[in-house]
Amino acid sequence: MSILACIGHTRLVPLRHLVPEGSARVLLKLEYENPTGSMKDRMALAMVEAAEADGRLKPASSGEGGAVVEYTGGSTGVSLAFVCAAKRIPLEIVTSEAFSEEKRTHMAALGARLTLVPSPTGGTTRALTLAMIETARRIAATLPGSYWTDQLNNADVLPGYGRMADEIWQQAEQRVDGFVQAVGTAGSFRGIATRLRDLNPALRAVAVEPTESAVLSGGASGSHKIEGTGPGFVPSLWRGDLADAIRPVASVDAMAMTRRLAREEGIFAGTSTGANVIAALELARQLGPDKTVVTLAVDSGMKYLSTALYAGGTQAA
């Protein structure tokens, strides 16, 4: 069996202590159970295998194979490094010191070659995202036979997230009334919400974005610290008609909730998970008892030990 067969089939668990009385039950999909500790393993495998299937990426064994190239805040890059290592495909990653050191180290350990783009603010901004995209484009143009996955514009990720929705539906015993997910590329929100709405047309879907860069809500682009979300512009995979609501969450509040998850539920995750849970608890209060809200533990807290989220270990909740 290939190591890639370990992707998916992560567990769905209820929050037991953070959900107020009178609310819907809140279930968290533990995507940090994927091999690299992130839901992005699903999208990385889907993008690479789709490109192999239609010839955009030639197999390394053919002698014509090229490198995979991508820009990333880290988790997609780690997942691509994992998939490419298993398939013996060279990988060129464009990232930034704005994202955690753990992610950069993990990508390099799996064999990726990294190009770093500086972030003047130390956070994610529209300018940083665009600079990373342009750098990846230039690198791909210089490498014969390379395949640029271009995650913000790659619809190949959607079937993988549709399969994830089927997992959720079965694990929740075919009872999903609400779905909450933070938006980065918008692929996971779109793929999962589309399929869950097929299964339950009455589904309420809530998209989450950083308050500091709430462009989906009509706000201005800005710098934030919720890695993997809020690129600073509306991504091409975004479908506004799928969202019943858009919930901005401030970086500081997302971090506080992420630390509460660790201390009060034993769920050790990254900052976007805290943002998800804030919005999920709000939706659970709105829907009330006898309903079910599902959201995602997007990635592992192990990816953020050196960041402001966990560094020092003495932050107030």
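Trainee: What helices and strands does the chain have?
Mentor: This is a predicted model, and its chain has eight helices and 10 strands.

Trainee: What makes the radius of gyration agree with a compact globule?
Mentor: Set the two values side by side. A compact globule of 317 residues would come out near 20 Å, and the chain has 19 Å, so the two agree. Along the principal axes, the C-alpha atoms fill a box of roughly 60 × 40 × 35 Å.

Trainee: How much of the chain is buried?
Mentor: Buried residues are 58% of the 317. As for the surface, the chain exposes about 12,500 Å², with 52% of that coming from carbon and sulfur atoms.

Trainee: Why is Cys84 called buried?
Mentor: The cut-off is under 20% relative accessible area. Cys84 has 1%, so Cys84 is buried.

Trainee: And why does Cys6 count as partly exposed?
Mentor: Partly exposed lies between the 20% and 50% cut-offs. Cys6 is at 35% relative accessibility, so that's the label Cys6 gets.

Trainee: How do you know that Cys6 has no bond to Cys84?
Mentor: A disulfide needs two cysteine sulfur atoms within 2.5 Å. The closest cysteine sulfur to that of Cys6 is in Cys84, 17 Å away, so it's too far for a bond. Cys84 is in no disulfide either, and the count for this rule is zero.

Trainee: What about charges: how many positive and negative side chains are there?
Mentor: There are 31 positive and 32 negative ones, and the centres of the two sets lie 0 Å apart.

Notes. Residues numbered from 1 in each chain as written. Predicted model: local features only at pLDDT ≥ 70, side-chain atom pairs only at ≥ 80, totals over all residues. Heavy atoms only, no water. Helix = DSSP H or I, 4+ residues; strand = E, 2+ residues; numbered from the N terminus. Rg over C-alpha atoms; globule rule 2.2 N^0.38 Å. Buried < 20%, exposed > 50% of the residue type's maximum accessible area, 1.4 Å probe, protein only. Areas by Shrake-Rupley, 256 points an atom, 1.4 Å probe, with all protein chains shown as cover. Lys, Arg positive; Asp, Glu negative; His and termini not counted. Charge placed at Lys NZ, Arg CZ, Asp CG, Glu CD.
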